[in-house]
Amino acid sequence: MGNSRDHDWTEARVAALSELWLAGTTGLEIAGRLGVTRSSVMGKLRRLGLLRQGRPRMPIMRRPQIPQMRTNKRPLPPPEPYQVPPPPPPPAYGTLTLLDLRHNSCRWPEGDGPIYVFCGRPQAPDSSYCEAHRARSMSGLARGVPYLSKSVAQA
Ligand SMILES: [Zn+2]
């Protein structure tokens, strides 16, 4: 070799230098450990050809993968069928107030109280009353027909 600086580099130290360098230790750290200057370390590395070879690259960090939509292999259990809540029980026929009546509820008044209640059964076609009350309204059996059915009114 002939280089006067190489007198410090014993075989053991060169081995240590190589090992540290290849392990990724910086030149400055190696210099500190071996008690030499950094330039001495770098010079020796260059002469050993280790600088040109470079160090084993740090493993390239993989790009974090974009989380993909999970494709469920297993199909989800079928949703439970929507349970239509049962409608509240309609008021019993004959107890419906005016507010309870639908557009097709029988308008036949029931009871004698000051607050009228109505039959409320489904109206017969073309009538304000259900079949029974329409028949009753037309038979004359009704005591004091309060409302005429449409068919009677049109007659
Ligand atoms: Zn009725």
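This is a short walk through three helices of the structure above and the way they pack together.

Before setting out, keep in mind that the model is predicted. Its pLDDT averages 78 over the protein, and 73% of the residues score at least 70. Confidence varies along the chain: helix α2 has the highest mean, at 92, while helix α6, residues 150-154, has the lowest, at 51.

Let us begin with helix α1, which covers residues 11-22. With 12 residues at 1.5 Å a residue, α1 should span 16 Å, and its end C-alpha atoms are indeed 16 Å apart, so the two values agree. The expected span counts one less than the number of residues, which is why 12 residues lead to that value. After α1 comes glycine 24, and its phi is positive, near 100°.

Next, look at how α1 meets α2. Their axes lie 10 Å apart and the two helices pack at an angle of about 150°. Angles over 145 degrees count as roughly antiparallel, and α1 and α2 are therefore roughly antiparallel to each other. The crossing of α1 past α2 is right-handed. On the α1 side you can find Arg13, Ala16, Leu17, Leu20 and Trp21, and these meet Ile30, Arg33 and Leu34 of α2. Sorted by class, this contact holds 6 nonpolar and 2 charged residues, with no polar ones.

Now follow the chain from α2, residues 27-34, to α3, residues 38-48. Here the axes come within 8 Å and cross at roughly 110°, which makes α2 roughly perpendicular to α3. From α2, the residues involved are Gly27, Leu28, Ile30 and Ala31; from α3, they are Arg38, Ser40, Val41 and Met42. This contact is made up of 5 nonpolar, 2 polar and 1 charged residues. Ile30 may look familiar: it faces α3 here, and it also appeared in the contact with α1.

One pairing is left, that of α1 with α3. Their axes come within 11 Å and cross at roughly 90°, so α1 is roughly perpendicular to α3. Leu17, Ser18 and Trp21 of α1 make this contact with Val41, Lys44, Leu45 and Leu48 of α3. Its residues divide into 5 nonpolar, 1 polar and 1 charged. Some names return here as well: Leu17 and Trp21 take part in this contact and also meet α2, while Val41 of α3 touches α1 and α2.

Conventions. Residues are numbered from 1 along each chain as its sequence is written. This is a predicted model: local features need pLDDT of at least 70, side-chain atom pairs count only at pLDDT 80 or more; totals for chains, interfaces and linings use all residues. Axes are lines fitted to C-alpha atoms, for helices over the stretch in contact, and angles run from 0 to 180 degrees between N-to-C directions. Helices (H or I, at least four residues) and strands (E, at least two) are DSSP runs, numbered from the N terminus. Angles under 35 degrees count as roughly parallel, over 145 as roughly antiparallel, 65 to 115 as roughly perpendicular and the rest as oblique. Two residues are in contact if their C-beta atoms, placed from the backbone, lie within 7 Å. Ala, Val, Leu, Ile, Met, Phe, Trp, Tyr, Cys and Pro count as nonpolar, Asp, Glu, Lys and Arg as charged, and the others, Gly among them, as polar. A crossing is left-handed if the near helix is turned anticlockwise from the far one by less than a right angle, and right-handed if clockwise. pLDDT is the predictor's confidence in each residue, from 0 to 100.
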